[in-house]
Amino acid sequence: MTLRLRQLGDPILTQVAEPVTEFGTPALQNLIEEMLATLKEAQGVGLAAPQVGSPLQVIIVASRPNPRYPDAPQMEPLVMLNPRPLALSDEQVLGWEGCLSVPNCRGLVARAREVEVEYYTPEGVRQRVTWQDFPARVFQHEYDHLLGRLFLDRQPQQLLTEAEYQAQIHSLAGGTEEQQLPP
Ligand code: ZN
């Protein structure tokens, strides 16, 4: 079953999400399964629980290689509970982002090039991961959702409609042949 995607203007998108305190429960497993199905149907590369109406600190990062980031890991969707960045690189990079909660809009956003993250698995096991470039961008975008922030709050250097983005894709600064952008 897929869930309804909340869009810009829904109050839940501006709220700070709550930590998961009980791991491995049927309700949590159900939420994760529905988030995975929703992400797959939307053909996204990431999703945060508030985007489907849950106040919990749950995100999915599902990076895959694309022409601009050929070294991006081909990864199974990674479910991250209570994630927090341990370190963000001083080096920042610009990239185009979209968001399933902000349809028909693309923005050029600066993000740290590298992140080190601590998180918990659905079973409550603490893990760490370090990412560069595309998956690092996806993580920062999804983590922002848990803080009640959208990429629009990150002062995009440029904003385009989806149609203009597609029309200008080959001549845009910072990009890009990306077809997969962080939702
Ligand atoms: Zn988003």
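Okay, let's start with a pocket: in the second largest one, helix 2 gives the largest share of the lining, four residues. Before I go on, please keep in mind that this is a predicted model.

So, what else lines that pocket? Strand 3, strand 5 and helix 2, which covers 133–146, each supply at least two residues of the lining. There are 13 lining residues, and the ones nearest the centre are L88, R111, Q140, D144 and R154. If you sort the lining by class, you get seven nonpolar, four charged and two polar residues. The volume of this second largest pocket is about 200 Å³. As for how you look for such a space at all, rolling a probe the size of a water molecule over the atoms shows where empty space is left.

Now let's step back to the whole chain. How many helices and strands are there? The chain has three helices and eight strands. Going along the sequence, you meet them in the pattern α-β-β-β-β-β-β-β-α-β-α. The chain has 183 residues, and 48% of them count as buried. Here's another number I'd like you to take home: take the contacts between residues at least 6 apart in sequence, and 67% of those join residues at least 24 apart.

Next, have a look at strands 4 and 5. Strand 4 is residues 92–99 and strand 5 is residues 102–112; the two run antiparallel, with seven bridges joining them. The link from strand 4 to strand 5 is a hairpin, made through two residues. If you want one pair to find on screen, go to W96, whose bridge partner in strand 5 is L108. While you're there, remember that in a regular strand the side chains alternate between the two faces of the sheet.

On to the cysteines. A disulfide is a covalent bond between the sulfur atoms of two cysteines. How many disulfides do we count here? The count comes to zero. Take C105: it is in no disulfide, and the nearest cysteine sulfur, belonging to C99, is 9.3 Å away. Are these two cysteines buried or exposed? C99 counts as buried because its relative accessibility is 7%, and C105 counts as buried too, because its value is 15%.

Then there are two residues with a backbone angle to look at. Q43 isn't a glycine, yet its phi is positive, about 55 degrees. You'll find Q43 in the loop between helix 1 (26–42) and strand 1 (46–48). With 61% relative accessibility, Q43 counts as exposed. The other one is N82, also not a glycine, with a positive phi near 45 degrees. Where does N82 sit? N82 is in strand 3, residues 78–88. And why does N82 count as buried? Because its relative accessibility is 15%, and the cut-off for buried is under 20%.

Last stop: T121. This residue is in the loop between strand 6 (114–120) and strand 7 (126–132). It's a loop residue, but T121 counts as buried, because its relative accessibility is 11%. Which residues does T121 touch? Leaving out residues up to four places away in sequence, T121 touches F23, L81 and Q127.

That's my tour. Thanks for listening!

Notes:
Residues are numbered from 1 along each chain as its sequence is written. This is a predicted model: local features need pLDDT of at least 70, side-chain atom pairs count only at pLDDT 80 or more; totals for chains, interfaces and linings use all residues. Side-chain values use heavy atoms; hydrogens and water are left out. Buried means under 20% relative accessible area, exposed over 50%, partly exposed in between (1.4 Å probe, protein chains only). Two strands pair if DSSP finds at least two bridges between them. On a 1 Å grid over the protein atoms alone, a cavity is a set of points where a 1.4 Å probe fits but cannot get out, and a pocket is an open set with protein on both sides within 12 Å along at least five of seven lines; lining residues have an atom within 4 Å of a point. Grid points are joined across faces, edges and corners, and a volume is the space filled by probe spheres set on the points. Ala, Val, Leu, Ile, Met, Phe, Trp, Tyr, Cys and Pro count as nonpolar, Asp, Glu, Lys and Arg as charged, and the others, Gly among them, as polar. A disulfide is a pair of cysteine sulfur atoms within 2.5 Å. Contact means heavy atoms within 4.5 Å.
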